[in-house]
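Student: Let's have a close look at one part of this one, namely what holds together on the inside. Take it slowly and link it to whatever lies around it.

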Amino acid sequence: MWQDLPRPKDAVRLKVRESLAGLAVGKKARRSALACALLQRQAVWNNACSVLFYAPLPGELDVWPLLEMALKVGKIASLPRYSPASDAYIACQVHDPQTDVQPGRFGIREPVANCQEIELNGLDLVLVPGLAFDLHGRRLGRGKGYYDHLLRLVRGKTCGVAFDEQVVNEVPVEGHDVVLNCILTPTRWVQL
């Protein structure tokens, strides 16, 4: 029956998850370091005064070293924090990842309650995780829509961050999906 057929987004999610399952932990760490180094050579990174990072989940490209580096050079660094009042994520400034971050909703590291909220439209750069991306700036997330809601309010640059195995020919999109400005992988920088 037609209900048993996989939806296009689900098929892409399955394919990418299978590709990522074959990447060893050490290989992910090396590739994460390559991607971080590549981003540091880009004008969008160097010109950004305020950056929204993400706390990587197992299997995601690790940008955490960039958060610590950003703090050392005086950038305003923030992470998403779930707000139960709005059932959405907000950006909150992090001064010290050791004391300002704890496990939050869904077990993802996020800023503690006393971290100051940063206006999303004041961010210069947002690093965006996802399951799949294409080279047109389309992103496939985990299916809850939290990042799409957050990204609608951002006026700065938005950068999808992924392993090369997560870049597909075409990401199926729906009306609520937000297109990104750039894509970063360990081997390429694509400015759209």
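Tutor: Start with the largest nonpolar core, which has 57 residues, with Phe53 and Leu127 making the most contacts inside it. A nonpolar core here is a set of buried Ala, Val, Leu, Ile, Met, Phe, Trp, Tyr and Cys residues joined through side-chain atoms within 4.5 Å. Buried means under 20% relative accessible area, exposed over 50%, and partly exposed in between (1.4 Å probe, protein chains only). Bear in mind that this is a predicted model, where local features need pLDDT of at least 70 and side-chain atom pairs count only at pLDDT 80 or more, while totals for chains, interfaces and linings use all residues. Numbering runs from 1 along each chain as its sequence is written, and side-chain values use heavy atoms, with hydrogens and water left out.

Now zoom in on Leu127. Skipping neighbours within four places in sequence, Leu127 is in contact (heavy atoms within 4.5 Å) with Leu39, Val51, Leu52, Phe53, Tyr54, Val63, Tyr147, Cys159 and Val161. So Phe53, the other residue with the most contacts in the core, is one of the partners of Leu127. In soluble globular proteins, nonpolar side chains tend to be buried together.

Next, look at Ser50, which sits in strand β1, residues 50-52 (strands are DSSP E runs of at least two residues, helices H or I runs of at least four, numbered from the N terminus). Ser50 counts as buried because its relative accessibility is 5%. Leaving out residues up to four places away in sequence, Ser50 touches Ile76, Gly122, Leu123, Asp124 and Leu125.

Tyr147, which we met as a contact of Leu127, also leads to the largest pocket, with about 560 Å³ of space. Thirty residues line the largest pocket, and Arg139, Arg142, Lys144, Tyr146 and Tyr147 are the closest to its centre. Two or more lining residues come from each of α1 (8-21), β2 (76-83), β5 (109-111), β9 (139-140) and α6. Helix α6 gives the largest share of that lining, three residues. (A pocket is an open set of points on a 1 Å grid over the protein atoms alone where a 1.4 Å probe fits, with protein on both sides within 12 Å along at least five of seven lines; lining residues have an atom within 4 Å of a point, and the volume is the space filled by probe spheres set on the points, joined across faces, edges and corners.)

For contrast, Arg155 is in the loop between α6 (146-151) and β10 (157-161). Arg155 counts as exposed because its relative accessible area is 59%. Even so, Arg155 touches Leu120 and Asn121, not counting residues up to four places away in sequence.
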